[in-house]
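Hi,

Here is the structure I promised to pass on. Have a look at it first, and then read my notes below.

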Amino acid sequence: MKNPYSHYYYLGAGCIFLILYWLLGYEGIAFEDDVLYFQFGQSYYQGQQVQSEDYLSHRWGSYLFSGWITSLLGPSYRLATLINLVAYLGTLTIIWLVIPYRNLKKWGVIFFVTHLFTLQYLNKLFPDSLLIFWVLLIPVLSLYRHSEAPKTAIAMGLVMFLGFFTKESVSFLFIYPLILMAFDMHFKKPLKFYFYFFPFAGILMAGYFLYYWWNFDSPFYHIMTLQESYHLLSHSYAESGWKAILSRLTYQPFIHLTENYLWVLVMLALPSWYLGMKFHKPIHLEFAIANTLLLAGFWFMTTSLHHYNPMYLQPRHMIIMVAPLSVAIAYGVPSWLQNEIWRRNLAILMFGGSLIALSQAWWVMAGMLALISALIFKLYGKKLWPALAGILLLAGILFPFQEITSKNYSHFYRHFVEENKKASKSKIPLFTNDFVYRSREVLAVNPVGTHYLHSIGHFDLMEEIPAQLRLMVYHRQIHQYPHEDQLLEEFQTWLTRNGYHKIGESEDDWVGIYLYGRF
């Protein structure tokens, strides 16, 4: 006899998994924009001016909530990421609620909670983690556009507004209401929703431009800061020539979909996409449109208004696709699970992803996709879900362990505290990675304790050359960020030029500590 409450168990298990991951999967700060978002949140609730020429400071949706939490519970980066956990739990609950069939809810749950990069950014203060929630709400709200037109119109307008000020990627869905209206007009559905939505969206847009005109003397100030600062030079396809752009628009997205662990989700969402676009089935259609716009946005969107420069497909950016794809997967299951043609085609597509992974020497990914391909081809009906769930859960558990081990943040942090204490006591300057230095206020419990800390990129600011200095290198950053490697080479050149010799060293796989003296 079937348990009538089993679908609640899947929601509960998914929530527990996310909570445990937040508690046990913490791997430290990323030494990137997340530090700035944390500092913006702190500054805002201390009454300081936050918005500036830095385009990140205008993403107030990414730091107001985390800043509010730390204003109540204390200035802890770890506690600030609680807002991500709330957003993830809310997203999971919405996925569970919007799938009406009990036996399909488990499919939506498992694919959302086990996506590797979604999990990785649960413990980091990047806006993409919060944007997951806002992005999912847009197609979900559209399901009620006929039954609750005024409320849904206002809610969707506010969600898009809040999403935009969390991160601009939500703009991929700005034409979603227009496309939806075209379908509704074609099928002669009620249009009351749009008579509320578009005027309200116009009011919000007017308020947006007036705000920047009043406070920054230009209604396009926010757009200009994005234009000037958005893309990284190292990821500029336009400066690399037309061949780089062509490769980015043709075969590279397939590689990135595989690398970003989205190949499985996109392929398994195809049956629902087909039902939505071919037969215009409700719910299938709404999520097919949303998923198409998100994928097309990442594929073709430019980072510049002056010339065409497609955006770099980072895993962090693309996690906003995971929730709507998870819903589409769940809705599409009945159409392919017992259909031999669909299962064969999906198995072939999964194997194709395995070949892409092999071409990039991603052995683990290639093996996992090949295994999923075999399971889809061989297993029928009820046998497939537990097998897939087992693979996805295993990957979701092993991945954080590998990341925590390779980063070993706790080991680095212990050395960071110890070395700063030694520097304060001995008055010997301590140099370290530029990212570590810029994150010192987040890392240090007492900022005064980093008085003798310097960046390897700021050696030219020394008022006088000391007789001795210490260097602490966090190897993970040197390998991850080429800019840090260049700074370290320049710093070592400066040491040689000024007559420094290494007189002591302590090094392991993660942290290197070196003592230099002049003779």
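A nonpolar core here is a set of buried Ala, Val, Leu, Ile, Met, Phe, Trp, Tyr and Cys residues joined through side-chain atoms within 4.5 Å. Bear in mind that this is a predicted model.

With that in hand, the largest nonpolar core has 113 residues. Those with the most contacts inside it are Trp107, Phe111, Phe112, Leu268, Trp336, Met350 and Ile376. Helix 19 (residues 322–336) gives this core its largest share, 10 residues. If you want a place to start looking, try Leu268: leaving aside residues up to four places away in sequence, Leu268 touches Phe111, Ile329, Trp336, Leu346, Met350 and Ile376. There is also a second, separate core, with 21 residues, including Phe412, Leu430, Val436 and Val511.

Now the aromatics. Searching the whole structure turned up 47 aromatic pairs. One of them is Phe38 with Tyr77, a tilted pair with 5.9 Å centre to centre and 55° between the planes. Phe38 belongs to helix 2 (residues 33–45) and Tyr77 to helix 4 (residues 77–80), so this pair ties together parts that are 39 residues apart in sequence. Phe38 and Tyr77 are both buried.

Phe412, which you met in the second core, has a ring partner too: its ring centre is 4.3 Å from that of Tyr474 and the planes are at 15°, so this pair is stacked (the cut-off is under 30 degrees). Here helix 23 (residues 409–426) supplies Phe412 and strand 3 (residues 468–474) supplies Tyr474, so the parts tied together are 62 residues apart in sequence. Phe412 and Tyr474 are both buried as well.

You may also like the aromatic cluster: Trp60, Phe161, Phe164, Phe165, Phe174, Tyr208, Phe209, Tyr211, Tyr212, Phe216, Phe220 and Tyr221 form a single one.

Two charged side chains sit over Trp rings. Arg78 lies over the face of Trp22, 4.2 Å from the ring centre. The charged end of Lys105 is placed over the ring of Trp96, at 4.3 Å from its centre.

One last residue: is Gln120, in helix 7 (residues 116–120), buried or exposed? Its relative accessibility is 10%, and buried means under 20%, so Gln120 counts as buried. Not counting residues up to four places away in sequence, Gln120 touches Tyr21, Glu27, Phe399 and Glu403.

Cheers

Methods:
Residues numbered from 1 in each chain as written. Predicted model: local features only at pLDDT ≥ 70, side-chain atom pairs only at ≥ 80, totals over all residues. Heavy atoms only, no water. Phe/Tyr/Trp six-rings, centres within 6.5 Å; stacked < 30°, edge-to-face > 60°. Helix = DSSP H or I, 4+ residues; strand = E, 2+ residues; numbered from the N terminus. Buried < 20%, exposed > 50% of the residue type's maximum accessible area, 1.4 Å probe, protein only. Lys NZ or Arg CZ within 6 Å of the ring centre and 35° of its normal. Contact = heavy atoms within 4.5 Å.
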